[in-house]
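Here are my notes on the model, set out as numbered points. Please read them with the structure open.

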Amino acid sequence: MDGARIVAASRHNGRVSTTSLPSPDHAAELRAALLAAGFTADGLLDLLGAPAYAALARSETVPALRATRGRADGPLAALVRLFLLQQPVPYADAAGALPAPAALADGWLRREGEEVYATVDVRPYSGPDGEDWFIVSDLGCAVGGAGGIGSRQEGVVLGVGGASTTLAGITVRIPVGSALDLGTGSGIQALHAAQHATRVTATDVNPRALEFTRLTLALSGAPEAELLTGSLFEPVGEATYDLIVSNPPFVISPGARLTYRDGGMGGDDLCRTLVQEAGVHLNPGGYAQFLGNWQHVDGEDWRDRVRSWVPRGCDAWIVQRDVQDVTQYAELWLRDAGDHRSDPAEYTRRYEDWLDEFEARKTKAVGFGWITLRRTDAAEPSIVVEEWPHSVEQPLGETVQAHFARQDYLRDHDDAALLAGHFVLAEEVVQEQVGAPGAEDPEHVVLRQNRGMRRATKVDTVGAGFAGVCDGSLSAGRILDAIAQLVQEDPVVLRDRTPEAIRMLVEQGFLEPVTGP
């Protein structure tokens with residue numbers, strides 16, 4: 001989660017850390033020094049080597065500690081030890097890498113004798129077009145690996161994680177007038193949005209998170225965002241946006257111990273509320289994109305549950321990427337909090353609390369996935385709910401945009417219009433024939449995508465033949481007439497039974513409608 005900052009502010013009870021955060025006053029000067037030292041994603045890869053660099057992305061620091069131990073690699077090694085490994089460095093080394101007086105005065109560093117320490121985690125992050133950005137977060141939140149986040153403070157602000165990059169990858173990146181990052185955390189989604197939105201608003205119930213977002217934007221050289229404190233959509237009133245993104249505190253837990261992950265509502269109510277309220281805050285044609293968890297309740301289809309969340313006037317594409325039974329789910333988040341390192345009796349008690357919560361809600365498993373809304377105000381909304389646990393090719397923003405464009409096309413074309421339409425086979429679709437060696441005909445034919453969602457679907461010989469000759473030059477009906485003649489089938493019958501298959505191939509992205517002149 002970018003930071004679970006959407007629960008009501010009254011839940012904090014004053015337990016948020018009061019440690020003052022750095023000032024962005026000299027962020028431009030600091031950024032220039034970091035870049036000059038090669039403190040970038042590429043620079044880290046060169047210094048540490050691929051295994052240690054990859055381990056850092058998994059929040060494991062031991063390989064990087066070994067790679068930098070006893071080495072005199074100049075400013076870059078000093079910055080890695082300071083900001084990523086949280087090791088003290090001699091003041092002289094820090095001064096050789098940074099404008100040390102300004103960094104100390106602004107609070108990025110603190111000095112103890114002849115050594116200096118970082119006060120925040122500053123992590124190089126590469127933008128989609130190779131931009132050199134920096135994500136600023138609390139110390140201790142990206143180290144320790146299997147030991148959890150390293151902090152149990154309620155208001156802790158996390159840095160970049162797998163969920164953050166997943167959401168950034170699936171977000172539609174088209175120029176927009178306004179974007180809202182709801183529950184901004186350390187500001188990664190706001191940073192991405194600032195590249196294609198004229199105006200960015202970032203909200204969070206945790207005021208510290210907003211200050212971290214300010215630092216992330218400033219140190220990355222991005223425009224400032226409007227920063228508002230509050231829960232859910234309350235801070236923005238009735239404002240509407242072209243893009244809404246949120247990596248919310250979606251963990252379904254007993255209580256709200258940790259602000260960065262626990263939403264403070266029962267079950268999956270927070271995700272449901274977020275989705276349901278998003279519709280009225282979207283401009284026509286606007287997108288809202290979320291990550292979420294949802295309950296698999298005994299006797300209930302999870303698809304129906306999540307489908308019921310979709311607000312009026314919106315199309316939706318909901319993709320379940322993973323499912324865990326309640327014991328796996330509880331263990332995952334107990335480890336995340338470091339509870340597995342606590343007293344065994346305390347760990348058992350907390351584990352029992354999770355299982356009691358799930359039993360009371362008749363929850364047998366928890367699903368994780370993506371929810372994308374697009375406001376169309378269509379009389380017949382398109383709501384696609386599917387399970388897709390297979391590998392995909394990120395970024396998927398263009399794939400998401402194309403999905404909704406295809407839904408618009410299919411909604412506007414009945415079977416007769418579909419047969420009059422022209423189609424082309426999507427790029428990088430291959431055909432596989434499966435059958436016994438030497439058999440005259442294959443048992444079945446599979447069309448497979450090598451990009452985007454990387455789907456595969458079975459088709460019959462007519463479907464395979466139809467897809468294979470779709471180059472936009474002939475209408476679907478004329479292609480079917482030619483196929484009917486080849487297979488000696490009544491063309492009228494073939495025209496009657498094929499539109500459903502064409503719709504499926506279009507909906508899944510194997511065929512692309514030719515809509516231009």
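1. In which helix is V275 found? This is a predicted model, and in it V275 belongs to helix 11, which covers residues 269-278. V275 is buried, with a relative accessible area of 3%. Leaving aside neighbours within four places in sequence, the residues in contact with V275 are F290, W309, V310, P311, I371 and L373. I483 is a different matter: V275 and I483 are 208 residues apart in sequence, and their C-alpha atoms are 46 Å apart in space.

2. H296 sits in strand 10, residues 282-297. Is H296 buried or exposed? The relative accessible area of H296 is 9%, so the residue counts as buried, the cut-off being under 20%. Its side chain makes a polar contact with the side chain of Q320, at 2.9 Å. Q320 is also among the residues that H296 touches once those up to four places away in sequence are set aside; the others are W302, V323, K362, T363, K364, A365, V366 and G367.

3. Next, a sheet. Three strands form an open sheet in the order 15-16-17, and the pairing is antiparallel. Strand 15 (429-434) and strand 17 (456-459) are at the edges with a single partner strand each, so one side of each has no neighbour in the sheet. From one strand to the next, the twist averages 25°. Six bridges link strand 15 to strand 16 (residues 444-449) in the antiparallel sense. As a point of reference, Q433 stands opposite V445 in strand 16.

4. What lies across this sheet? Helix 17, residues 461-469, lies across strand 15, strand 16 and strand 17, and runs at about 115° to strand 17.

5. On charged pairs, the structure holds 30 salt bridges. Side chains of opposite charge can pair when their charged atoms come close. E112 forms one of these salt bridges with R110, with the closest N and O atoms 2.2 Å apart. E112 is partly exposed at a relative accessible area of 43%, and R110 is also partly exposed, at 37%.

6. A salt bridge within a helix joins the side chains of E346 and R350, at 3.2 Å from N to O. Both residues lie in helix 14 (residues 344-360), four residues apart, which is about one turn of the helix. Why does E346 count as partly exposed and R350 as buried? The relative accessible area of E346 is 26%, whereas that of R350 is 19%, and buried means under 20%, so the two residues fall on opposite sides of the cut-off.

7. The side chains of E386 and R455 also meet in a salt bridge, 2.7 Å from N to O. E386 is in strand 13 (residues 383-387) and R455 is in the loop between strand 16 and strand 17, so the pair ties together parts that are 69 residues apart in sequence. E386 counts as buried at 15% relative accessibility, and R455 is buried with a relative accessible area of 8%.

8. Which residues do shared salt-bridge partners join into one network? They are D339, E346, R349, R350 and D353. The E346 and R350 salt bridge of point 6 thus has both of its residues in this network.

Terms used
Residues are numbered from 1 along each chain as its sequence is written. This is a predicted model: local features need pLDDT of at least 70, side-chain atom pairs count only at pLDDT 80 or more; totals for chains, interfaces and linings use all residues. Side-chain values use heavy atoms; hydrogens and water are left out. Two strands pair if DSSP finds at least two bridges between them. Helices (H or I, at least four residues) and strands (E, at least two) are DSSP runs, numbered from the N terminus. Axes are lines fitted to C-alpha atoms, for helices over the stretch in contact, and angles run from 0 to 180 degrees between N-to-C directions. Contact means heavy atoms within 4.5 Å. Buried means under 20% relative accessible area, exposed over 50%, partly exposed in between (1.4 Å probe, protein chains only). A polar contact is a pair of N or O atoms within 3.5 Å; within protein, one must be able to donate a hydrogen and the other to accept it, and residues adjacent in sequence count only if both atoms are side-chain atoms. A salt bridge is a side-chain nitrogen of Lys or Arg within 4 Å of a carboxyl oxygen of Asp or Glu.
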